[in-house]
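Good morning, everyone, and thank you for making room for me on the schedule. Please take a moment to look at the model on the screen before I begin.

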Amino acid sequence: MQTLGQKVIYQIYPKSFYDSNNDGIGDLRGIIAKIPYIAKLNIDMIWFNPFFVSPQNDNGYDIADYYQIDPRFGTMADFEELVAKLKEINVGVMLDMVLNHCSTEHEWFKKALAGDKYYQDFFYLRPAKADGSLPNNWSSKFGGPAWEKFGDTNLYYLHLYDKTQADLDWHNENVRKEASKIINFWRSKGVAGFRFDVINVTGKDTVLVDSTDINEEKALYTDTPVVHDYLKELNRTSFGQDEDAITVGEMSSATIPNSIEYSNPAEHELSMVFTFHHLKVDYKDGEKWSDYPFDFMKLKQLFTDWQEKMDQGGGWNALFWNNHDQPWALNRFGDPVNFRVESAQMLASALHLMRGTPYIYQGEELGMMDPSYTDISEYVDVEALNAYQALIEAGKSPTEAFHLVSLKARDNSRVPMHWNADKYAGFSTVTPWLKPTDQAEINVEKELASGQIFTYYQQLIKLRKEMPLISAGHFQTVFKDHPQVFAYRRYLDNQAKELLVINNFYGQETELDLGTYADKACRLVISNYDQDLTKLPAKLTLRPYETIAWEI
């Protein structure tokens, strides 16, 4: 059986993968149709974003029925066929469990509104303060206050996200039992993987006090000690009963000690964690909607801290640059204009050769980049539209506001997968729910015929399965003070050989003094430029976005 470190997981955003029935929305039968493509990469599991019944106010993260496939995506029979056909190519299924909150269209919330006390206890319902103001001063992550009137009562319900996403009260044992029941239902359908959406936001206190500092507000409800209790119980009552279960928690603002506990096998919580600190290094003063070059030294330091300390503590990282909530990493950390192929390959190497389990987001293996939109009307995501309005209200011009939103919008990576160069990128024959752009340059057909990025990902996946240094080795950063180079070594305690990985994060040449590595015999493992060295030089000249891995 493969170890966790040998596995690579592919993420599919079903709404944007392939439209089989030409309604402009991707669906399960569309994924089935593209299984031959998926098989080429040789990944081990697919994480699917939610396709459960939902009003789609937050693209499916507002779930109204955890047990049914939303008709716009297909049927339960389609899902069962998808699981069976993926099993034929040895690919497992990971479902997205959105259990911090549910849609206000869910029967739990509807029954609560109707006056059912049992279900009212599923939610954080609070009266206004004595002065008539909201129960507390928390903000929704999508803008505005985190409280909404609960029907025609004198109560308010908490929603840390959209007002149609009511937070569930995990202090209630019945809520936790329902969570286990949902997971066990999908286990019975052959699902062995679960990704838990914002799971460490479940750790709210029973008394929801005011925040005194907007920047510290998250700490009042995020990554608190009780989350470990919840996860241990969930593990015991559901997925922990499966030897081959793979679980990952999306951890907002998580600390390293907490992440070690979440993912150390001895704790019986989760397999690994998604953390996001490295994707905030281009936020100016912590502000997402800003135009700011990424802080490379900070990025290196974050990778170093998380890699080395998680290794030392026995924790496990989920490795990723891209997902459905992030603009494309190629635009943020590479150069899609002048060095699209080289920077895509470098970013892939830098990530895939680290310690952890790599995730590939659909289209990343093609070198997809942010869409060339020109107007806010082309975006559909609630967060982007709210941010645009907030920026206008804060005094930005429409042009400035659009520019800032276009840099960081979640829709950037949600554009339909580019299958060919057609008007709708081969995704559909009708206008898709979100407009594709640049498909003439970047598409599957072209990439498989003559591209260099997809084949590079294939190489990296093959290496992870074959080389224990990659799948099981320790991690140590080297040349940590170099202003352009992120380099590290992977090593095993019982093996003389090590892997030296060197990445130039910029489009300019740079020189690296190899110090104690000079004159050592080396075997090239992978590189995005021609390399024929058999012995390392004292000084190495790295070309734009060059990446090299040697076994020495």
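I will talk about a sheet, then the cysteines, and finally a pocket.

Please keep in mind that this is a predicted model, in which local features need pLDDT of at least 70 and side-chain atom pairs count only at pLDDT 80 or more, while totals for chains, interfaces and linings use all residues. Residues are numbered from 1 along each chain as its sequence is written, and side-chain values use heavy atoms, with hydrogens and water left out.

Let us start with the open sheet, where eight strands (DSSP runs of E, at least two residues, numbered from the N terminus) follow the order β13-β12-β11-β5-β2-β1-β15-β14 with parallel pairing, and where pairing requires that DSSP finds at least two bridges between two strands. Because β13 (272-274) and β14 (318-319) each have a single partner strand, they stand at the edges, and one side of each has no neighbour in the sheet. Between β14 and β15 (residues 357-361), which run parallel, there are two bridges, and Ala 318 stands opposite Thr 357 in β15.

Turning to the cysteines, a search of the whole structure finds zero disulfides, a disulfide being a pair of cysteine sulfur atoms within 2.5 Å. Cys 102 is buried (under 20% relative accessible area, with a 1.4 Å probe and protein chains only) at 0%, and Cys 522 is buried too, at 11%.

Last comes the second largest pocket, and here α3 (76-88; a helix is a DSSP run of H or I, at least four residues), β5 (92-97) and β12 (246-250) each supply at least two residues of the lining. A pocket is an open set of points on a 1 Å grid over the protein atoms alone, where a 1.4 Å probe fits, with protein on both sides within 12 Å along at least five of seven lines, and lining residues have an atom within 4 Å of a point. This pocket is lined by 34 residues, and Lys 7, Glu 243, Asp 244, Ala 245 and Ile 246 lie nearest its centre.

Notes. Buried < 20%, exposed > 50% of the residue type's maximum accessible area, 1.4 Å probe, protein only.
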